[in-house]
Amino acid sequence: MPETTNKGKQNAGGTARAADSEPTRVDYPFRDLEARARKRWDEERLFELRDPMAPARRFYCLNMFPYPSGDLHVGHGRNYILGDAIARLKMMQGYAVLAPMGWDAFGLPAENAAIANRIHPSVWTKRNVARMKDQLQAWGAAFDWNRELSSCDPEYYRWTQWIFLKLHERGLAYRAKGAVNWCPSCQTVLANEQVVDGACERCGTPVESRDLEQWYFKITAYAEPLLRDLDHLQHWPEKVRLMQANWIGRSEGATIRFPVPGDADPIEVFTTRPDTLLGATFLALAAEHPFVTGLRERGALSAGAEAFVDRLKRARVENRFAVETEKEGFDTGVTVTHPLTGKPLPVWIANYVLMGYGTGAIMAVPGHDQRDFEFATKHGLPIVEVIRPEGEPGFDGAAAYEGEGRLVNSGGFDGLPSEAGRRAITEALHAKGAGESRVNYRLRDWLISRQRYWGAPIPMIRCDRCGIVPVPEKDLPVLLPDQVEFKPTGESPLLSNEEFLRVDCPKCGAAARRETDTMDTFVDSSWYFLRFLNPRLETAPFESDAVNRWLPVNQYIGGVEHAILHLLYSRFIVKVLRDLGLVSFPEPFERLFTQGMITKDGAKMSKSKGNVVPPDALIQRYGADTVRLYTLFIGPPEKDAEWNDRGVEGAYRFLTKYWRLITDVAALQSDRGGADAAGPWAESGPARDLRRRVHQLTHQICDDMDRFHLNTAVSGLMQIVNAVQDYQAAGGDMNAAEVWEAADYATRLLGPLAPHTAEGAWARLGHAESVVKAPWPAPSAEALESPTKKLVVQVNGKLRSEITVPADADQDAIRKAALSDERVARMVEGKTVAKVIIVPGRLVNVVAR
């Protein structure tokens, strides 16, 4: 059981029966404090933003909205507690704060639950939302619940569909063939997460790769601004910006076309090293390359090659591209013509070439690319050296040389440095119409189609006469049908729901069919932060004036697992909306904080591992503020940390100690004249020292909070309480104004971290208003002043001692104090002091020979 200060027993209300010997001691009544605080916050509507257009000082603090998967654990809590602490801090600093919460409520897990439990996804989702909302409120999270939204509500996904139509109008939403995971047994498309070791997770059947018509967003049209504007995101973690830059993957090089004898269409490759073109000895294609598909359709592939292609399509992409993967391939029997030499080069299918990189075809230069080298070595293909490093012998056959140098074995280009060789060969290709300079991006267009039910329907109609036709805006939203049947195979019920499918073509009026694909849930989360300003708006997705006033989001908080996709897609959508004239800013999030993971037993918390720590029992036993405080104290919030139940007990003991201090101070100083009484301040002695220490720690805590060092802020608060206790233990006067000020400062500093406790303490200290409305404390320059200062003393540059001198001591006084120090005197004995160097406020260096 948690420790109690009077060793008494807790009653049902959370308070303890005081021992007869200590009638003034009380336990930490967390249940009563929580109930009173939440009642006050609700009644006074402290966290509601009444009029978004009114306040001059604004701060938009946003946690990434969660997927409503069910119970939250303490690892989830770190994200929301951090956000809540920052929101409360900014309120106390005088900002009007927008801190909303919503639910990323569409997605595959709800559909799987519907199949497994015979329950509609909306029922499962709403049940989980209610449960998680209760948990967030139990943590004391100060969200503006009047702005709550859910991406699965028709009034929300109506505008997700509207955004789709706007992208379609601008040519940024299009339909094209794309590879999907297909289970031939279940007769359905599988998400990547449903493919386990190349097989369907439901039935174990080997999964095939099939080309199906899919919907895409043309994010590649924004590749350059997405990359360029990363330079403006100086308040994002460097590693996140680097991850996005690598994902976009800008590279400069050349497009080279290799003619195929007897075929009108050449095979096109992109390379960053056109200077190595004369060393190309074969072409390697991805199994999914259209040229390979064409060979297969014409029956031009051997049975072995077809089996190889099928196996590659089932393999995981990351395994195929891994450096250590054995290089496998099949010769297609087809050759292409080298664009400069005219020589034939064989065309192979290789497992290390992927459609998602470049064009899905590479010119293989085994002398200067290690993957090509390993492939050529295994399959007996020629290896030619064309780049030789300056001043070094030629190719030794042991490994590929991938660096710069001078061209050799390259005909008229011999002797050129690599950079000049790249330019010259590219110009030669351009002159022959066989290639040109090009900037390439690793980024691929965003595949948004999902062959699932539980998502926003794509607002398009298929008409036999008119083709693909957009749904008119006046007919939005395209609603998901409620009466659907979920089959054990996982096939989308939209495919067989005639009521949903049947629709008249809006162009010609003929009978037509609705699109049955739904949108990727990342589309829902790419714009939700705009909707919070007016979540009930019926005439537009968001109110532009309010959005332009409040955004970009001042502080965005969430896990680093969203560093690429969610953040990149949100940036893309905002840039599109800006080009549509709907928003005035180019980036959605000004500051980004990615919190570390809380682990248990050295691993990420998960039900399958049995190491999940639910917060409910801990809150019931120790109180919400105890769980909050330990979560913040556990370590630097940007780093992973291991959960320790003993640490929870330590946080409880601190809050108990703090509450005892507040109770004692309030009782002893009830005759001081009210909560605002201050001074007179002692000019010297223990009370003066206490006040200086409290203001020093206040300065540290304020700085820590502003820099997201909340763990050391908690430590600073503990030191304030300890300083008062040390003062009391030394016989200090607990009626002194300095003690009252210490309790006042500690309570306001505790406000964002342990808000229920601070709320009760603030009232106990005699304040009528909520601690949320109290001004954030600022250290006093006068209080920080010390009559003395400490200086380290070096002798010949090595630390030897420390001296204390009056704060106003001049250089002569400091010199005398340093030379008269006992340790310094011993070090310079028998030597001549050449000079004494004084660095004001820091150190003294005695130079002796």
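The residues lining the second largest pocket divide into 11 nonpolar, 10 polar and seven charged. In this count, Ala, Val, Leu, Ile, Met, Phe, Trp, Tyr, Cys and Pro are nonpolar, Asp, Glu, Lys and Arg are charged, and the others, Gly among them, are polar.

Here is how to read what follows. This is a predicted model, in which local features need pLDDT of at least 70 and side-chain atom pairs count only at pLDDT 80 or more, while totals for chains, interfaces and linings use all residues. Residues are numbered from 1 along each chain as its sequence is written, and side-chain values use heavy atoms, with hydrogens and water left out.

## A pocket and a cavity

Let us stay with that pocket. About 810 Å³ of space lies in the second largest pocket, and 28 residues line it. Nearest its centre lie Phe270, Thr271, Thr272, Ile362 and Asp369. The elements that give two or more residues to this lining are strand S11 (267–271), strand S15 (361–364), helix H11 (370–379) and strand S18 (435–441). S15 gives the most, with three residues. Helices (H or I, at least four residues) and strands (E, at least two) are DSSP runs, numbered from the N terminus.

The structure also holds one cavity of 30 Å³ or more. The largest cavity has a volume of about 40 Å³, and its lining consists of Arg88, Met92, Gly751, Val771 and Val772. Those residues divide into three nonpolar, one polar and one charged.

Both terms come from a 1 Å grid over the protein atoms alone: a cavity is a set of points where a 1.4 Å probe fits but cannot get out, and a pocket is an open set with protein on both sides within 12 Å along at least five of seven lines. Lining residues have an atom within 4 Å of a point. Grid points are joined across faces, edges and corners, and a volume is the space filled by probe spheres set on the points.

## Nonpolar cores

The largest nonpolar core has 186 residues. Those with the most contacts inside it are Tyr60, Phe164, Phe529, Leu551, Phe572 and Trp643. Apart from this core lies another, of 34 residues, among them Leu277, Ala287, Val336 and Ala434. A nonpolar core is a set of buried Ala, Val, Leu, Ile, Met, Phe, Trp, Tyr and Cys residues joined through side-chain atoms within 4.5 Å. Buried means under 20% relative accessible area, exposed over 50%, and partly exposed in between (1.4 Å probe, protein chains only).

Phe572 makes a good stop on the tour. Leaving aside neighbours within four places in sequence, Phe572 is in contact (heavy atoms within 4.5 Å) with Leu167, Phe217, Lys218, Ile219, Tyr222, Leu226 and Trp446.

## Two buried acidic residues

Glu148 is found in the loop between helix H4 (121–138) and strand S4 (149–150). Glu148 counts as buried because its relative accessible area is 18%. Not counting residues up to four places away in sequence, Glu148 touches Met101, Trp103, Val129, Lys133 and Arg536. Glu148 and Arg536 are 388 residues apart along the chain, yet their C-alpha atoms are separated by 9.7 Å.

Asp704 sits in helix H21 (residues 686–706). With a relative accessible area of 5%, Asp704 is buried too. Residues up to four places away aside, Asp704 touches His709, Leu710, Thr712 and Ala713.

## A hairpin

Strand S31 (residues 788–795) and strand S32 (residues 798–806) run antiparallel, joined by eight bridges. Two strands pair if DSSP finds at least two bridges between them. One partnership links Val792 to Glu802 in S32. The two strands form a hairpin with two residues between them, and Asn796 in the turn has a positive phi of about 50°.

## Backbone angles to look for

Most residues other than glycine have a negative phi, and most peptide bonds are trans. The table lists some exceptions.

| Feature | Angle | Place |
|---|---|---|
| Leu476–Pro477, cis peptide bond | omega about 0° | Pro477: loop between strand S22 (467–470) and helix H13 (498–501) |
| Leu551–Pro552, cis peptide bond | omega about 10° | Pro552: loop between helix H16 (544–550) and strand S26 (555–559) |
| Arg118, positive phi | phi near 55° | loop between helix H3 (108–117) and H4 |
| Asp601, positive phi | phi about 55° | loop between strand S28 (598–600) and strand S29 (603–604) |

Are the residues with a positive phi in the table, Arg118 and Asp601, buried or exposed? Arg118 counts as exposed because its relative accessibility is 81%, and Asp601 is exposed at 61%.
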